[in-house]
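Colleague: Before I rely on this model, I should like to know what lies behind the terms used for it. May I put some questions to you?

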Amino acid sequence: ITLKWQANYQGIFRANQVIEALQTLKATITDEDLPEWTSQMAQARFFRGLFHYYLYTTFNEGSIIIRDVVPKTSEDFSKAISSATDVLKFIREDLDYAHKNLYKKGEYPSNDLSRATSGAAATVLGTTSLNNSISNLKISP
């Protein structure tokens, strides 16, 4: 279980590194390069949302640490856990961005079939709603 925790937060850390690098580069992006920039941002946000979702569904009834930036100070590393409601909202924002900005299967200009797709983001986004609905059901004996 410790390895799952570490692997997901390592994935989040790497996604945040990509997001921060892309934000730094945004001012230099030409109109021609904007679709590729947007695709890379959407892929990073897809993975960040997905890894947070894995943690949300596994640990502490969804109350986990939201890592939305690369930690730089001791305060960044010592963040408190967030409520399950806030975590789910954060996950859905990342997945919604990914769904709206990722290419559909087979539409990547490079024909790279290994990249995250709009459909993958929609699937995980939909799953967040299904899980939430199931957990809110009250079954009487």
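**Terms and values in the model**

Modeller: The secondary structure of the protein comes to 5 helices and 0 strands, and from the N terminus on the elements run α-α-α-α-α. This is a predicted model, in which local features need pLDDT of at least 70 and side-chain atom pairs count only at pLDDT 80 or more, whereas totals for chains, interfaces and linings use all residues. Residues are numbered from 1 along each chain as its sequence is written, and side-chain values use heavy atoms, with hydrogens and water left out.

Colleague: What makes a stretch a helix here?

Modeller: Helices (H or I, at least four residues) and strands (E, at least two) are DSSP runs, numbered from the N terminus.

Colleague: How do you know that the span of helix α1 agrees with its number of residues?

Modeller: The expected span of a helix is 1.5 Å times one less than its number of residues. For the 24 residues of α1 (residues 2-25) this gives 34 Å, and the end C-alpha atoms are 35 Å apart, so the two agree. Helix α2 (residues 34-58), with 25 residues, should span 36 Å; its end C-alpha atoms are 36 Å apart, and therefore α2 agrees as well.

Colleague: Why is Ala15 called buried?

Modeller: Buried means under 20% relative accessible area, exposed over 50%, and partly exposed in between (1.4 Å probe, protein chains only). Ala15 has a relative accessible area of 7%, so Ala15 is buried. Ala15 belongs to helix α1, whose buried residues are Asn8, Tyr9, Gly11, Ile12, Ala15, Asn16, Ile19 and Leu22. Over the 141 residues of the protein, buried residues make up 36%.

Colleague: Against which helix do the buried residues of α1 pack, and what does Ala15 touch?

Modeller: They pack against α2. Contact means heavy atoms within 4.5 Å; leaving aside neighbours within four places in sequence, Ala15 is in contact with Ala44 and Arg48. Ala15 and Ala44 are 29 residues apart in sequence and 5.0 Å apart in space, C-alpha to C-alpha.

Colleague: What class of burial does Ser118 have, and which residues does Ser118 touch?

Modeller: The relative accessible area of Ser118 is 8%, so this residue is buried. Ser118 is in helix α5 (residues 118-135). Not counting residues up to four places away in sequence, Ser118 touches His99, Leu102, Tyr103 and Lys104.

Colleague: Why does Ser83 count as partly exposed?

Modeller: The relative accessibility of Ser83 is 34%, so Ser83 counts as partly exposed. Its place is in the loop between α3 (74-77) and α4 (84-101). Apart from residues up to four places away in sequence, Ser83 touches Gly62 and Ser63. The C-alpha atoms of Ser83 and Ile64, 19 residues apart along the chain, are separated by 7.2 Å.

Colleague: How is Asn101 classed, and what does Asn101 touch?

Modeller: Asn101, in helix α4, has 27% relative accessibility and therefore counts as partly exposed. With residues up to four places away in sequence not counted, Asn101 touches Thr38, Ser39 and Ala42. Asn101 and Phe46 are 55 residues apart in sequence and 10.0 Å apart in space, C-alpha to C-alpha. In the protein, among contacts between residues at least 6 apart in sequence, 61% join residues at least 24 apart.

Colleague: What is the sign of phi in Asn60 and in Glu61?

Modeller: Most residues other than glycine have a negative phi. Asn60, which follows α2, has a positive phi near 50°. Glu61 is not a glycine either, yet its phi is positive, about 55°. The loop between α2 and α3 holds Asn60 and also Glu61. Glu61 has 79% relative accessibility and so counts as exposed.

Colleague: What makes the lining of the largest cavity 3 nonpolar and 4 charged residues?

Modeller: Ile66, Arg67, Asp68, Val69, Pro71, Asp76 and Lys79 line the largest cavity. Ala, Val, Leu, Ile, Met, Phe, Trp, Tyr, Cys and Pro count as nonpolar, Asp, Glu, Lys and Arg as charged, and the others, Gly among them, as polar. The lining accordingly has 3 nonpolar, no polar and 4 charged residues.

Colleague: What is a cavity in this usage?

Modeller: On a 1 Å grid over the protein atoms alone, a cavity is a set of points where a 1.4 Å probe fits but cannot get out; lining residues have an atom within 4 Å of a point. Points are joined across faces, edges and corners, and a volume is the space filled by probe spheres set on them. The structure holds 1 cavity of 30 Å³ or more, and the largest cavity has a volume of about 30 Å³.

Technical notes:
On a 1 Å grid over the protein atoms alone, a cavity is a set of points where a 1.4 Å probe fits but cannot get out, and a pocket is an open set with protein on both sides within 12 Å along at least five of seven lines; lining residues have an atom within 4 Å of a point.
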